[in-house]
Amino acid sequence: MALKRTASGKTLFFMLISVTLLHLFSCPFTKVEESFNLQAVHDVLYHRVDFEKVRLRATHKLNEQTKSIHLLKCIDVYLFGCPVRGCLGVCVTLALWRMQREVRKQFGSTVAGLFCLTCASQFHLMFYSTRPLPNVFALPIVLLAFTAWMGQRYGSFICLSALVIIVFRSELCLYLGLMLLMSLLSRRLGILQLLYYAIPAGALSLALTVGIDSFFWNKLIWPEGQVFWYNTILNKSSNWGISFTSLNALLFVPLGLLDRRTRTLLLPTVGFILLYSFLPHKELRFILYTFPVLNIAAARGCSFILNNYHKSWMYKLGSLIVVGQLVTNAAYSSISLYVSHHNYPGGRGMQVLHKLVPSTSDVSVHIDVFAAQTGVSRFLELNRNWRYDKREDVGPGHPDMKTYSHVLMEANATQIALLKDSHVPLAFIQGYSNMMLNAFRFPFFSINLEDKLVLLERVPDPEHPI
């Protein structure tokens with residue numbers, strides 16, 4: 001039996017890792033705010049650590065051996081960009097696995113297995129786990145802190161909470177603070193014990209973030225302090241937009257509440273969601289930390305049905321619903337991942353550029369805002385002799401557009417017409433348009449693509465030879 005449990009545990013772990021990496025390699029490009037952090041990683045690797053020389057030597061050697069220009073032009077995004085995000089995904093998976101171990105200890109192996117299956121079939125959790133967002137950088141630490149709180153290891157909980165609040169996401173003081181308050185009110189944690197861990201952990205975390213960020217910014221700065229002041233004290237977070245995608249109700253969470261231990265876990269989670277709803281800027285990723293906790297409650301509810309499978313036909317029907325909802329979640333995640341795969345035309349456009357244009361050409365490419373927002377990152381700037389320009393003050397009709405040998409821009413017929421005298425279309429890049437449902441055929445849906453971007457090439461002339 002022990003061997004079977006070990007094998008089962010290994011299977012669940014590799015399932016989580018595999019699903020995480022599947023999302024990564026299906027969507028290797030990044031968008032907007034994700035790109036901000038990826039650009040920072042790129043600059044640290046290439047400029048602070050002189051990683052450029054390593055990359056160039058590896059590329060030169062590979063060129064001599066393979067003579068494959070297309071392979072060389074894809075090497076950076078997969079050899080450097082994906083591993084950076086892959087490390088992040090592995091950290092999230094390991095934190096989920098550590099949480100699973102605590103769930104197994106407190107609720108049993110059935111709940112732990114259902115917890116892993118629910119997490120793996122949940123699109124947003126798996127998809128975001130490799131996205132280079134501040135919330136995702138904080139996620140594994142939050143999961144470890146929550147796991148420590150579950151196990152009443154308050155020293156670890158306080159130290160991890162101080163680190164993630166001060167360094168990564170200041171608003172997590174709401175979530176972790178509610179857990180801390182519950183522990184104080186229940187007298188499981190004393191004030192002196194709190195101060196014993198909180199003061200040195202807070203001081204070290206503050207010194208860490210101020211020291212590192214001040215070095216890179218060349219001025220004294222505490223980034224999360226400024227973010228907290230801007231978003232919370234000044235209440236200007238809505239300047240960044242308001243879009244809070246509602247979660248589908250987890251069918252089995254109410255059943256999980258029959259267990260008093262689950263109610264204890266959900267109290268700070270629900271409180272955090274309610275408190276966060278008062279802030280003007282709302283996005284799904286801001287409450288991403290609560291998904292695994294809700295999954296624990298859902299797994300506990302599912303186990304209640306499965307453990308009583310033999311008692312009556314109602315439990316047998318309920319067991320079918322449990323299996324059906326996992327299959328439905330997996331199907332929804334597969335469709336969402338397929339759609340997301342086609343939702344990064346900017347990244348695809350950069351690949352097309354490097355594939356179609358000879359590497360020895362004298363190239364200056366202008367990348368418009370839409371292309372930059374849909375997958376372009378510095379890891380895709382593969383030719384050090386080319387000039388990549390993302391100026392926002394230059395567009396169709398601007399005299400400087402004629403100086404670019406290539407333009408990657410939105411496939412807008414009016415804007416393309418403005419450049420017809422200087423540039424001609426070299427390729428069109430398609431992206432996701434919409435999804436059509438049809439109940440009378442299999443599969444029951446189809447994904448429609450349309451031209452999202454166009455790669456233009458300058459018409460050779462005596463004044464501007466390419």
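Where is Ile212 found? Ile212 lies in helix 11, one of the elements of a predicted model whose chain has 19 helices and five strands. With a relative accessibility of 43%, Ile212 counts as partly exposed, because that value falls between the 20% limit for buried and the 50% limit for exposed residues. Trp222 follows ten residues later in sequence, and the C-alpha atoms of Ile212 and Trp222 are 9.6 Å apart in space.

From this starting point, the view can widen to the chain. Of its 466 residues, 45% are buried. Among contacts between residues at least 6 apart in sequence, 74% join residues at least 24 apart.

Confidence is a helpful guide to how closely each part may be read. The chain has a mean pLDDT of 82, and 81% of its residues reach 70 or more. Helix 8 has the highest mean confidence, at 95, whereas helix 3 (residues 51-66) has the lowest, at 39. Over residues 48-80 the pLDDT is below 50, and this stretch has 49 contacts in the model beyond near neighbours in sequence. A further stretch, residues 238-249, also stays under 50; for these residues the model has 22 contacts beyond four places in sequence. Where pLDDT is low, the predicted coordinates should not be read in detail.

The interior comes next. The largest nonpolar core has 67 residues, and those with the most contacts inside it are Phe146, Phe157, Leu172 and Tyr175. Helix 8 gives the most to this core, contributing eleven residues. Apart from this core lies another one, of 21 residues, which includes Leu337, Val357, Ala371 and Leu380.

Two of the residues named for the largest core, Phe146 and Tyr175, also appear among the aromatic contacts. The whole structure contains 13 aromatic pairs. In one of them, the ring centres of Phe146 and Tyr175 are 6.5 Å apart and the planes meet at 25°, so the pair is stacked. This pair links distant parts of the chain, since Phe146 belongs to helix 8 and Tyr175 to helix 10, 29 residues apart. Both Phe146 and Tyr175 are buried. The two rings are also members of one aromatic cluster, together with Trp149, Phe272, Tyr276, Phe286 and Tyr289. Beyond its neighbours within four places in sequence, Tyr175 is in contact with Val142 and Phe146, with Pro268, Thr269 and Phe272, and with Tyr289, Thr290 and Val293. Another kind of ring contact involves Tyr309: the charged end of Lys316 sits over its ring, 5.1 Å from the centre.

The strands offer a second theme. Strand 1 (residues 364-367) is covered on both faces: Ser364 and His366 are buried on one side, and Val365 and Ile367 are buried on the other. Strand 1 runs parallel to strand 2 (residues 387-389), and three bridges join the two. Within this pairing, Ser364 has Arg387 as its bridge partner. Three bridges also join strand 1 to strand 3, again in a parallel arrangement. Here His366 is the bridge partner of Val407, while Ile367 stands opposite Leu408.

Strand 3 (residues 406-410) is mostly covered, with four of its five residues buried. Strand 3 is also joined to strand 5 (residues 445-458) by five bridges, and these two strands run antiparallel. In that pairing, Glu410 has Leu453 as its bridge partner.

Finally, two loop residues have a backbone feature worth pointing out. Gln152 has a phi near 60°, a positive value in a residue other than glycine. Gln152 belongs to the loop between helix 8 (134-150) and helix 9 (154-168), and counts as partly exposed because its relative accessibility of 46% is between 20% and 50%. Arg187 likewise is a residue other than glycine with a positive phi, near 65°. The loop that holds Arg187 runs between helix 10 (172-185) and helix 11 (191-217). Arg187 has a relative accessible area of 76%, which is over 50%, so this residue counts as exposed.

Methods: Residues are numbered from 1 along each chain as its sequence is written. This is a predicted model: local features need pLDDT of at least 70, side-chain atom pairs count only at pLDDT 80 or more; totals for chains, interfaces and linings use all residues. Side-chain values use heavy atoms; hydrogens and water are left out. Buried means under 20% relative accessible area, exposed over 50%, partly exposed in between (1.4 Å probe, protein chains only). Two strands pair if DSSP finds at least two bridges between them. pLDDT is the predictor's confidence in each residue, from 0 to 100. Contact means heavy atoms within 4.5 Å. Rings of Phe, Tyr and Trp (its six-membered ring) pair if their centres lie within 6.5 Å; planes under 30 degrees apart count as stacked, over 60 as edge-to-face and the rest as tilted. A charge sits over a ring if NZ of Lys or CZ of Arg is within 6 Å of the ring centre and within 35 degrees of the ring normal. A nonpolar core is a set of buried Ala, Val, Leu, Ile, Met, Phe, Trp, Tyr and Cys residues joined through side-chain atoms within 4.5 Å.
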